[in-house]
Each structure stands twice: as C-alpha cells, then as structure tokens.
Amino acid sequence: MLGFLQHPVVVTAEVNLNMVALTAVGLLSRLWQLAYPRAVVFDEVYYGQYISFYMKRIFFLDGSGPPFGHMLLALGGYLGGFDGNFLWNRIGAEYSSNVPVWSLRLLPALSGALSVPMAYEIVWELGFSHCAATGAALLMLIENALITQSRLMLLESVLIFFNLLAVLSYLKFSNSQKHGPFSPRWWFWLVLTGVACSCAVGIKYVGVFTYLLVLGVAAVHAWHLIGDQTLSNVRVLCHLLARAVALVVLPALVYLLFFYIHLLLLYRSGPHDQIMSSAFQASLEGGLARVTQGQPLEVAFGSQITLKNIFGQPVPCWLHSHQSTYPMIYENGRGSSHQQQVTCYPFKDVNNWWIVKDPGRHQLVVNNPPRPVRHGDVVQLVHGMTTRLLNTHDVAAPLSPHAQEVSCYVDYNISMPPQSLWRLEIVNRESDTDVWKTILSEVRFVHVNTSAILKLSGVPLPDWGFRQLEVVGEKLFWGHHESTVWNVEEHRYGRSQEQKERELELHSPTQMDISRNLTFMARFSELQWRMLTVRSDDSEHKYSSTPLDWVMLDTNIAYWLHPRTSAQIHLLGNIVIWASASLATLVYALLFVWYLLRRRRRVCDLPEDRWLRWVLAGAVCAGGWAVNYLPFFLMEKTLFLYHYLPALTFQILLLPVVLEHVSDHLCRSQLQRSLFTALVMAWFTSACHVSNMLRPLTYGDRSLSPSELKALRWKDSWDILIRKY
C-alpha cells in the first residue's frame with residue numbers, strides 16, 4: 001500500500017543557461033548604480049508629480065495615457081516608503097533624503113532588464129536558431145538608448161516590456177495550439193496574452209498599436225482554423241469563443257480594473273478638478289464636495305443657482321454678468337444693443353449667481369412646498385446681483401456675428417422690448433417629466449422668441465469685456481454639442497424677496513444634505529473622455545523631433561547635466577544597431593516581395609514550413625515596427641526620440657532573423673557562409689565598440705571634455721570607426 005514511499009521523489013528541470021546568463025547581465029546593466037544621478041532627470045519632473053498625487057490620494061488628470069503606468073511608478077514609491085513630499089518643479093533639482101530614488105526607478109529598470117531574455121524567447125518561438133535568438137537578446141542588451149530609458153523613472157521601458165510579453169505569450173499560445181489545445185498551458189498563454197495587451201494599452205495609448213498587431217495575427221490564425229476540415233463545428237466555435245473572451249473581453253475588463261483602482265486611490269480633490277464635471281468634482285473629498293454639501297437636489301422656481309458650462313473649453317467657466325454694458329459701437333463699426341454684458345467667467349464669483357423665476361409671478365423666492373422646474377418648462381433667469389433678466393434678441397453677438405447677442409435686459413425706454421423667456425431642455429433626461437436636478441441634470445436653454453440656444457462660443461472678449469469668454473445665442477445649430485449644455489453647480493432655495501437681504505443670502509450656506517455619488521462607470525466614462533479630449537501642450541521643444549529624424553538617429557535628447565562637472569546623460573542610440581535595423585527591415589521587405597512574386601509564378605524558393613515561418617516573423621517584427629512607427633506621421637503633438645523605442649525593439653528582433661535567413665538561404669557555399677559569418681562578427685564587434693564609447697553618456701558617471709563630447713556625436717564616431725576598421 002505504501003510502496004510508493006520506497007522510491008525517492010525526483011524532480012527534473014531543464015535550465016536554459018543562455019536565458020539565465022542574459023537575464024543576469026540584463027539586470028546588471030540596468031540596476032548598476034541605479035540611484036545615480038540623485039537628481040530629477042528630464043521627464044521624471046513630469047511623472048514625479050503624479051507619484052506624489054498617488055501618495056497623497058489627490059485626484060489628477062493626465063491626457064498622455066491611462067493610469068496603469070503611473071500606478072506602477074507609484075508602487076515603487078510606496079514600497080520605498082515615499083510620502084509624496086517633494087517639489088517637482090525643476091529638471092536637475094537634487095532629490096531630498098525622503099525620496100527613495102532607487103525604488104522609484106526599480107520597476108522601469110526591471111522591465112528593461114527582462115526585455116533582454118524576452119527578446120531571446122520571441123525569436124526562438126518564431127522558429128529560428130538559438131544563435132539568432134541570442135543575437136537579438138545581445139542587441140537589446142547593448143543598445144544605449146534602451147539602457148538609458150530603462151534606468152530612469154520613465155514609462156517607455158515598461159511599455160516595451162508588455163509589448164514584448166503580449167507577442168511572446170501569443171507565440172507560445174500559438175505553438176501550444178499544435179500540441180495541446182484547451183490544455184492548462186494553452187489557456188495560460190492565451191489569458192496572459194490578453195492581460196499583457198491590456199497592460200500595454202493601460203500604460204500609454206500607443207500600446208494599442210501592438211494590441212492591434214496581436215489581434216491581426218490572431219484573426220488570420222482564426223481564419224485558417226475555420227477552414228480546418230479536421231475540426232468539428234462545435235470545436236471551431238469553442239476556439240473562436242475562447243479567443244474572443246481572452247483577447248477582447250478580458251483586456252476590456254482589466255482596463256476597467258486599472259481605472260477602478262485609480263479612482264479608488266485618488267478620492268481627494270486636487271488641482272485638476274475644474275476640468276471635470278460638477279458631478280465628478282462633488283464625488284471627491286474636499287473641493288467642490290465641501291462647497292456643495294447640503295445643497296437641495298431639485299431646482300425650483302425661486303432657486304438661486306450658478307450655471308457651469310459642460311464643455312469646459314478653453315477653460316471651465318460659469319454663466320456671469322456684471323454692471324458693464326456692451327459698447328455702443330464695436331471697433332469694426334458694428335453697433336450693439338448697449339445692454340448689460342453676459343459672459344462666461346472662469347472663476348467663482350458672486351456675479352455668477354442667477355435666480356430661476358416663474359414668468360407668471362413676480363416673486364423671487366421658493367414656495368413652501370417648493371415647486372420644482374421640469375423639462376419643457378418656460379423660465380426666466382434673473383441675475384442675482386443686478387436683478388436684470390437674461391435676454392437675447394436679433395442683434396449680432398460682438399465677436400460671433402452669425403449668432404445673437406446675449407445680455408441682461410436694460411430698459412432704455414426705446415422700442416426694444418425684453419425677450420427673456422427660455423424653455424428648459426434636460427438633455428440627459430429619462431422621461432419628459434424629469435425634474436431639473438442640481439449637478440446631475442445637463443440642460444439647454446432654448447430662447448422662446450427666436451429658438452436660439454444659449455451657447456458658450458469660447459472666444460475671449462476684448463478689454464471692454466475684461467477678457468471673459470463670449471456667450472451667444474446660436475440660432476442655426478444642428479446636433480448636440482457640450483458648448484450648449486449647462487449644469488447647476490451651486491444651489492440654494494431663495495427665501496428673501498428684498499434685494500439687500502437676497503444679496504446677503506447669496507453668501508450664506510444651505511442646510512439640506514443630498515448625496516450625489518456617481519457610479520464607477522459614470523466616473524470612468526467621463527475621465528476617459530477627458531483624457532482623450534484634453535488639450536496637450538503642442539509647443540515646440542528644444543529636443544523635439546520628427547519621425548524622419550528617428551530612423552537614422554539624426555537627433556538626441558540631453559537628459560541631465562551635472563551642476564559642477566561635465567558629466568551628463570543623453571538619450572542617444574547606437575548608430576550601428578539603428579542603421580543596421582533599418583537596413584534589415586528594407587532587406588526583409590524586398591525579399592518578401594521577391595519571394596511572393598516568384599511563388600505567384602509557381603517557383604517556391606522556400607519550403608512551405610520555412611515560408612510560413614518567414615511570413616510570421618515579418619508579421620510580428622516588421623509589422624510591429626510599422627504599427628509602432630508609421631502612426632506618428634499622423635499625430636499633431638510634440639514628438640521626441642523616445643517615442644521611437646517601441647518600434648526599434650521590433651526592428652532589433654528582425655535583424656538577426658534576416659541575418660540568419662541570408663546565411664542559410666542566400667549563401668550558396670560554405671565559403672560564402674564563412675565570409676558572411678566573419679562580416680557579421682565584425683559588425684557586432686563594431687556595435688559593441690560604439691556601445692562602450694557611448695557608455696559615459698548612457699550612465700553619466702564620468703566627466704567629459706568638449707573634444708570627447710564632440711567625438712561621441714555619431715557622425716564623428718562613425719568616421720572614427722571607418723578609419724579603425
């Protein structure tokens with residue numbers, strides 16, 4: 001019965017020493033003196049602010065990408081005991097003692113180090129030799145730009161890691177498909193592919209390019225699977241459902257999880273609140289939540305309100321008026337009504353308050369019980385401090401002559417009667433009897449007499465309008481736009497009929513308490529939309545570049561300069577690797593077209609299995625380069641050299657693939673192979689030499705003289721190499 005105990009339990013394992021060695025060297029190259037320099041380096045000033053916000057649980061908005069990458073950097077700060085107290089205001093500023101520099105830079109460094117053995121695995125899974133796989137890993141190891149970027153508190157190395165992980169996981173899944181479909185190994189790699197794709201997109205939006213690449217390759221494989229007559233219909237359906245769930249549904253759920261954790265952590269009001277809606281701001285602790293606490297939920301006739309424009313462009317602002325009037329004659333010679341100005345003001349002010357009036361009554365107080373305003377009701381808006389009615393008429397707006405002027409009516413005893421009736425439309429209503437609600441309701445005001453819609457044009461007025469934003473009545477308006485939508489932000493029930501008492505009342509707090517907690521999906525939808533539409537700073541930068549500059553490394557970025565010596569760090573790639581990778585991409589494209597044309601003529605230079613392997617390598621490596629590079633030609637944003645690094649990694653993977661193919665299939669004799677091998681070794685030696693030459697600019701640990709700096713410019717160093725070799 002216990003016979004199995006008579007024999008020892010033996011566990012055997014295969015250890016790839018190539019992988020172990022590459023991982024160890026990769027860790028050494030990325031982790032060596034990681035805390036140096038102990039100063040803010042380039043975009044660390046940008047990411048560091050967000051890490052501090054995480055440590056203090058303060059909400060922020062970053063339009064450059066989803067929150068997963070920021071959370072990973074913040075995790076490093078949390079593990080290092082960072083309290084968030086550091087002023088991230090200057091590149092080159094020395095870190096204080098409470099900043100755990102090593103921990104903050106650890107996760108990018110680990111990502112960069114693990115990308116080295118991952119490159120080995122990808123080339124191996126594509127079906128090429130261990131020699132080619134080792135070559136790809138060594139090129140990743142010695143490429144200076146990849147080393148520099150992974151040793152700092154930046155996100156490109158993390159993005160590259162998850163890009164490669166997504167590709168590697170799918171290749172392992174695809175290879176396991178041949179031997180054990182629906183096995184635990186098969187499911188593991190399929191699920192990991194979906195998770196890695198979601199992580200890549202969650203770090204930066206450009207991660208979606210690699211995700212689309214994986215989906216494209218998976219779609220082609222699925223198409224071939226559908227045509228496999230050895231599989232039953234049920235089996236094919238199970239394969240398709242498994243891929244759809246793992247590669248579409250699961251990434252979407254993981255992406256939502258990133259935002260859920262992000263919003264769970266950042267529950268306090270912060271400096272980026274104003275770009276969000278009033279409802280979103282009210283869901284944060286402090287800030288608007290403190291101001292709006294206790295406000296009545298339902299807007300009634302007699303309510304005192306402030307109206308915020310939903311669009312929030314060019315800045316968040318509130319409907320506003322003041323004693324000043326429009327000029328009689330504008331600078332272009334056009335005349336105005338000389339009525340009281342109505343604008344949109346980007347600051348909280350007592351002149352932002354309006355009173356909702358029933359046109360059939362004179363009183364400006366709320367009845368008991370309150371009579372709520374509903375969708376479709378006709379109202380008048382009375383300016384709280386001047387008691388004048390919001391008005392529009394057939395007079396051209398000051399800066400938007402195609403639209404009507406909006407004013408507060410002043411009675412000059414001339415033949416210009418007031419036109420102050422507005423019909424309320426609740427845009428996000430559930431029924432036509434919905435009540436106008438504080439913060440929650442998004443409303444439009446349609447002028448009864450002219451059908452013009454109250455709209456923020458967003459154009460700053462001249463000095464006579466105090467540079468506030470123009471508000472107009474847009475008569476010819478098609479469709480729905482946020483510039484015509486408003487919501488009540490601050491609200492109280494008016495109780496005083498006398499103007500003096502009412503002015504005092506406008507400053508007093510309310511007593512009722514209404515909860516306005518948004519659902520997670522509502523907050524996620526708004527935050528995602530703001531991230532995609534927020535305007536980024538597109539101004540020119542000293543080190544900005546174009547995609548054409550990247551391919552031949554005709555640019556670099558000075559990341560850091562020692563304040564007392566000439567030691568410095570530059571983002572500068574290895575020109576031997578960059579130029580060779582570009583050449584390899586061109587060679588692959590030419591060979592692919594040549595083989596394709598010859599196959600069309602029924603001439604097969606490669607056996608079918610070799611041809612499929614060649615095509616897959618091109619789809620993954622050349623395709624990965626193309627999808628991560630070409631879209632930048634269409635982007636209207638400030639671009640830098642580091643944007644090219646994800647595309648470069650795929651080119652580096654392609655380089656040893658092309659070299660092996662040339663050696664195995666184009667070198668006909670043993671002599672040709674020997675000569676080609678010698679050329680490859682000389683080329684790799686030159687790449688190592690350039691990498692070592694650039695080491696002082698990669699690690700920044702040695703002072704350089706002006707002549708040494710000049711010699712490190714790639715064009716000069718290339719001349720040196722030509723003379724040496």
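How much space lies in the second largest pocket? In this predicted model, the second largest pocket holds about 710 Å³ of space. Its lining is made up of 22 residues. S174, K178, H221, L612 and L616 are the closest of these to the pocket centre. Rolling a probe the size of a water molecule over the atoms shows where empty space is left.

Three helices each supply at least two residues of this lining. They are α7 (156–177), α9 (207–226) and α17 (608–629). Helix α17 gives the largest share, with 6 residues. The chemistry of the lining is mixed. Nonpolar residues number 10, while polar and charged residues number 6 each.

Aromatic contacts were examined next. A pair of aromatic rings is described by the distance of the centres and the angle of the planes. The count comes to 47 aromatic pairs in the model. One of them joins F182 and W187. Their ring centres lie 6.2 Å apart, and their planes meet at 55°. The pair therefore counts as tilted, because stacked planes must be under 30 degrees apart and edge-to-face planes over 60. F182 has 24% relative accessibility, so F182 is partly exposed. W187 is also partly exposed, at 36%.

F592 and W611 form a stacked pair. Here the centres are 5.7 Å apart. The planes stand at 10°, so the pair falls in the stacked class, for which the limit is under 30 degrees. F592 belongs to helix α16 (residues 575–600) and W611 to helix α17, so the pair ties together parts that are 19 residues apart in sequence. Helix α17 thus appears again, after its part in the pocket lining. Are the two residues of this pair buried or exposed? W611 has a relative accessible area of 8% and is buried, because the cut-off for buried is under 20%. F592 has a relative accessible area of 24% and is partly exposed.

Ring pairs also build a cluster. The cluster links W550, W578, W625, Y629, F632, F633 and Y644.

Charged side chains sit over aromatic rings as well. R613 lies over the face of F128, 4.6 Å from the ring centre. R695 lies over the face of Y699, and here the distance to the ring centre is 5.2 Å. Both distances fall within the 6 Å allowed for a charge over a ring.

Terms used: Residues are numbered from 1 along each chain as its sequence is written. This is a predicted model: local features need pLDDT of at least 70, side-chain atom pairs count only at pLDDT 80 or more; totals for chains, interfaces and linings use all residues. Side-chain values use heavy atoms; hydrogens and water are left out. On a 1 Å grid over the protein atoms alone, a cavity is a set of points where a 1.4 Å probe fits but cannot get out, and a pocket is an open set with protein on both sides within 12 Å along at least five of seven lines; lining residues have an atom within 4 Å of a point. Grid points are joined across faces, edges and corners, and a volume is the space filled by probe spheres set on the points. Helices (H or I, at least four residues) and strands (E, at least two) are DSSP runs, numbered from the N terminus. Ala, Val, Leu, Ile, Met, Phe, Trp, Tyr, Cys and Pro count as nonpolar, Asp, Glu, Lys and Arg as charged, and the others, Gly among them, as polar. Rings of Phe, Tyr and Trp (its six-membered ring) pair if their centres lie within 6.5 Å; planes under 30 degrees apart count as stacked, over 60 as edge-to-face and the rest as tilted. Buried means under 20% relative accessible area, exposed over 50%, partly exposed in between (1.4 Å probe, protein chains only). A charge sits over a ring if NZ of Lys or CZ of Arg is within 6 Å of the ring centre and within 35 degrees of the ring normal.
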